[in-house]
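Open your viewer and keep the selection tool at hand. This tour moves from one stop to the next, with something to pick at each.

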Amino acid sequence: MSASKNRIDVHYHIIPEPYVEALNRRGIRGSAAVDFPKWSVKRALSAMDRAGVATAITSLSSPGVQFGDQAFARELTRTSNEYQARMKVDHPGRFGAFAFLPLPDVEGSLLELEHAMDVLGHEGVVLLSDTQGRYLGDPAYEELVAELDRRAAVVFIHPHTEP
């Protein structure tokens with residue numbers, strides 16, 4: 001099937017090399033369920049073409065970016081969001097992006113939301129249903145939710161269970 005069809009995949013996980021390398025340096029080789037598979041933009045485009053997907057809206061999934069080190073989570077988030085932005089520039093029309101946020105760090109999430117939406121031009125955000133046992137309805141997230149609402153941001157919620 002040709003990618004010239006107008007099929008859009010809004011749940012397309014990427015596993016950027018810089019993300020994998022950063023986690024490998026900390027001894028993390030995958031999610032609780034499976035090791036990271038080999039992934040590349042070239043492989044992604046090939047798989048999209050075989051499936052007739054014109055555009056994929058990319059996002060990260062489990063294990064996310066939160067490993068108990070707030071500075072590391074912010075850095076990993078920024079690196080991953082900028083990687084997605086480069087994919088969009090390098091392959092116009094083939095990729096969009098849902099930005100990742102370093103929850104439960106609300107301050108860092110607000111900063112990254114601004115960068116991802118206003119500078120990188122991401123189409124929305126992806127939020128895990130829970131991070132470190134804190135679910136999205138937690139009152140600690142009210143400021144972030146208000147900002148997402150103010151922006152009328154697209155929010156993709158991905159299920160997540162802590163190991």
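Which residue of β2 is the bridge partner of D9? Select D9, then look across to β2: the partner is A56. Keep in mind throughout that this is a predicted model.

**Stop 1: the strands around β2**

Select residues 7-13 to show strand β1, which is joined to β2 by 5 bridges. The two strands run parallel. Now add residues 53-59, which make up strand β2. Is β2 enclosed or open to the outside? Colour it by burial: 7 of its 7 residues are buried, so the strand is largely enclosed by the rest of the structure.

β2 has another partner. Select β3, residues 95-100. Here 3 bridges join β2 to β3, and again the pair runs parallel. For one matching position, pick I57 and find G96 of β3 opposite.

In a regular strand, side chains alternate between the two faces of the sheet. Turn the view and try to follow that pattern.

**Stop 2: T58**

Stay in strand β2 and select T58. How much of T58 is accessible? Its relative accessible area is 0%; buried means under 20%, so T58 counts as buried. Show what surrounds it. Leaving aside neighbours within four places in sequence, T58 is in contact with Y12, I14, Q84, M87, F95, G96, A97 and F98. Two of these contacts, Q84 and M87, are also among the buried residues of α3.

**Stop 3: helix α3**

Select residues 70-90, helix α3. How far should its 21 residues span? At 1.5 Å a residue, the answer is 30 Å, and the end C-alpha atoms are 30 Å apart, which agrees.

Go to the N-terminal end of α3 and pick D69, which caps it. A side-chain oxygen of D69 lies 3.2 Å from the backbone nitrogen of A71.

Next, highlight the buried residues of α3: F72, A73, L76, T77, S80, N81, Y83, Q84, A85, M87 and K88. What do they pack against? Their partners are α1 (17-24), α2 (41-51), β2, β3 and α4.

**Stop 4: S80**

Zoom in on S80, in helix α3. Is S80 buried or exposed? At 1% relative accessibility, S80 counts as buried. Draw a distance from its side chain to the backbone oxygen of L76: the value is 2.9 Å. Beyond its neighbours within four places in sequence, S80 is in contact with Y19 and L60.

**Stop 5: V65**

Step back to the loop between β2 and α3 and select V65. This loop residue is buried, with a relative accessible area of 2%. What is in contact with V65, leaving aside its neighbours within four places in sequence? The list is Y19, L60, A73, L76, T77, F100, L101 and P102. Y19 and L60 are in this list, and they are also in contact with S80.

Now pick E75 too. V65 and E75 are 10 residues apart in sequence. In space, they are 9.0 Å apart, C-alpha to C-alpha.

**Stop 6: helix α4**

Select residues 106-119, the 14 residues of helix α4. The helix reaches 19 Å from its first C-alpha to its last, close to the expected 20 Å. D105 caps its N-terminal end, with a side-chain oxygen 3.4 Å from the backbone nitrogen of E107. After the helix, find G121, whose phi is positive, near 75°.

Which residues of α4 are buried? Highlight V106, G108, S109, E112, L113, H115, A116 and M117. They pack against α3, β3, β4 (124-128) and α5 (142-151).

**Last stop: the whole chain**

Zoom out and show everything. The protein chain has 5 helices and 7 strands. Trace them along the sequence, and the pattern is β-α-α-β-α-β-α-β-β-β-α-β. The radius of gyration is 15 Å, close to the 15 Å that the globule rule gives for 163 residues, so the chain is as compact as a globular protein of that length.

Its C-alpha atoms fill a box of roughly 45 × 40 × 25 Å along the principal axes. Of the 163 residues, 49% count as buried. Finally, consider contacts between residues at least 6 apart in sequence: 79% of them join residues at least 24 apart.

Conventions:
Residues numbered from 1 in each chain as written. Predicted model: local features only at pLDDT ≥ 70, side-chain atom pairs only at ≥ 80, totals over all residues. Heavy atoms only, no water. Helix = DSSP H or I, 4+ residues; strand = E, 2+ residues; numbered from the N terminus. Expected span 1.5 Å × (residues − 1). Buried < 20%, exposed > 50% of the residue type's maximum accessible area, 1.4 Å probe, protein only. Contact = heavy atoms within 4.5 Å. Polar contact = N/O pair within 3.5 Å; in protein donor to acceptor, adjacent residues only side chain to side chain. Rg over C-alpha atoms; globule rule 2.2 N^0.38 Å. Pairing = 2+ DSSP bridges.
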